[in-house]
Amino acid sequence: MRFCFVAHSYTPVAPVTHVSPIRGRFAVFSPPDRAQKAAWDHEVRPAREDVGMRHDSADGRAAVRKFFTERAARWDTRFPDDGPAYAAAVAKVGLRPGDTVLDAGCGTGRALPELRSRVGASGTVLGADLTPAMLDEVARAGRQPAATALLLADVARLPLRDGCLDAVFGAGLISHLPGPGSGLSELARVVRPQGRLALFHPLGRAALAARQGRRITPQDIRAEPRLRPLLAATGWRMLSYVDEDERYLVLAEREAV
Ligand SMILES: C[S@@+](CC[C@H](N)C(=O)[O-])C[C@H]1O[C@@H](n2cnc3c(N)ncnc32)[C@H](O)[C@@H]1O
């Protein structure tokens with residue numbers, strides 16, 4: 001059995017089942033050492049003109065929290081019909097019963113029930129998010145039975161031990177990462193060799209840009225020519241890339257270390 005080490009689980013408005021019921025698989029985490037933090041803080045980040053906001057600083061993280069706190073209560077009602085798209089994307093991850101999976105940037109937990117159904121009662125589902133108000137909505141939406149543990153955490157600085165996950169599912173996440181390189185490296189750190197990463201959005205890049213009243217540009221980190229080498233540089237091998245109006249889904253495998 002592998003062990004995940006969790007520092008801070010999150011107890012939202014209505015308590016979720018967390019930490020203790022997971023048969024002792026969680027324990028105290030040591031925060032990243034200074035050298036690793038310095039590497040995170042000083043990473044040179046690519047231009048990100050149409051990939052959302054940056055938060056490679058406390059101010060940046062606060063901006064992300066503010067943005068999503070203002071939207072948390074309305075999040076699910078804004079996108080009520082996305083359920084089947086999430087289910088279809090989760091089905092592609094290749095999860096097996098008993099697996100341990102992280103929903104990175106889980107928001108209101110829209111993927112959590114499907115992740116739970118894929119890993120079964122013997123599996124472990126973690127949801128991590130930077131914004132407390134989004135995690136509160138997991139409970140309000142009645143999704144807490146699906147969540148084994150909710151973590152109030154930056155996915156670029158996860159309180160999890162190396163290689164303790166079988167997979168990471170990140171929906172609508174990559175554009176918010178504090179420098180996609182550092183975020184993807186951190187996700188690679190916590191996933192075992194041959195484990196999976198899914199980067200998903202229920203809209204493709206062009207459709208999302210149109211909804212937001214902007215154009216996609218070659219600088220978009222989600223574009224295949226940019227994302228493929230970035231994944232390779234951060235410990236991932238891209239397995240597939242789909243960018244169509246109704247789905248953006250990239251699957252990658254953790255390279256052997
Ligand atoms: C576009 S929303 C998507 C939420 C959810 N995955 C969904 O598909 O509905 C992005 C979420 O990522 C969270 N987030 C952004 N940056 C993060 C980070 N570095 N660490 C953890 N969560 C983050 C935000 O708080 C927000 O809840």
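Visitor: At what angle do helix 2 and helix 6 pack, and how far apart are their axes?

Guide: Happy to help, and keep in mind that this is a predicted model. Two packed helices are described by the angle between their axes and the distance between those axes. Here helix 2 (residues 58-72) and helix 6 pack at about 30 degrees, with their axes 7 Å apart. That makes helix 2 roughly parallel to helix 6.

Visitor: Which residues make that contact?

Guide: Helix 2 contributes Phe68, Thr69 and Ala72, while helix 6 brings Ala133, Met134, Asp136 and Glu137. By class, the contact of helix 2 with helix 6 has 4 nonpolar, 1 polar and 2 charged residues.

Visitor: Let's turn to the sheet. What is the order of its strands?

Guide: Strands of a sheet pair through backbone hydrogen bonds, either parallel or antiparallel. In this model, an open sheet of 7 strands runs in the order 3-2-1-4-5-7-6, and its pairing is mixed. The edges are strand 3 (149-152) and strand 6 (236-244), each of which pairs on one side only. On average, neighbouring strands of this sheet are turned by 15 degrees against each other, direction ignored.

Visitor: Which strands does helix 6 touch?

Guide: Helix 6 (residues 132-140) packs on the sheet and touches strand 2 (124-129) and strand 3. The direction of helix 6 makes about 165 degrees with that of strand 3.

Visitor: Do strand 4 and strand 5 pair in the parallel or the antiparallel sense?

Guide: Strand 4 (residues 165-171) and strand 5 pair in the parallel sense, over 6 bridges. To trace the pairing in the structure, find Phe169, whose bridge partner in strand 5 is Ala198. Then look at Gly170, whose partner in strand 5 is Leu199. As you step along, remember that in a regular strand the side chains alternate between the two faces of the sheet.

Visitor: Is strand 5 mostly covered or mostly open?

Guide: Strand 5 (residues 191-201) is mostly covered, with 8 of its 11 residues buried.

Visitor: One more helix pair, please. How do helix 7 and helix 9 pack?

Guide: Read this pair by angle and distance again. Helix 7 (residues 180-190) and helix 9 (residues 224-233) pack at about 50 degrees, with their axes 9 Å apart. That makes helix 7 oblique to helix 9. Their crossing is right-handed.

Visitor: Which residues meet there?

Guide: Pro180, Gly181 and Leu184 of helix 7 meet Leu230, Leu231 and Ala233 of helix 9. The residues of this contact divide into 5 nonpolar, 1 polar and no charged.

Conventions: Residues are numbered from 1 along each chain as its sequence is written. This is a predicted model: local features need pLDDT of at least 70, side-chain atom pairs count only at pLDDT 80 or more; totals for chains, interfaces and linings use all residues. Axes are lines fitted to C-alpha atoms, for helices over the stretch in contact, and angles run from 0 to 180 degrees between N-to-C directions. Helices (H or I, at least four residues) and strands (E, at least two) are DSSP runs, numbered from the N terminus. Angles under 35 degrees count as roughly parallel, over 145 as roughly antiparallel, 65 to 115 as roughly perpendicular and the rest as oblique. A crossing is left-handed if the near helix is turned anticlockwise from the far one by less than a right angle, and right-handed if clockwise. Two residues are in contact if their C-beta atoms, placed from the backbone, lie within 7 Å. Ala, Val, Leu, Ile, Met, Phe, Trp, Tyr, Cys and Pro count as nonpolar, Asp, Glu, Lys and Arg as charged, and the others, Gly among them, as polar. A residue is buried if 20 or more other C-beta atoms lie within 10 Å of its own, exposed if 12 or fewer, and partly exposed in between; C-beta atoms are placed from the backbone. Two strands pair if DSSP finds at least two bridges between them.
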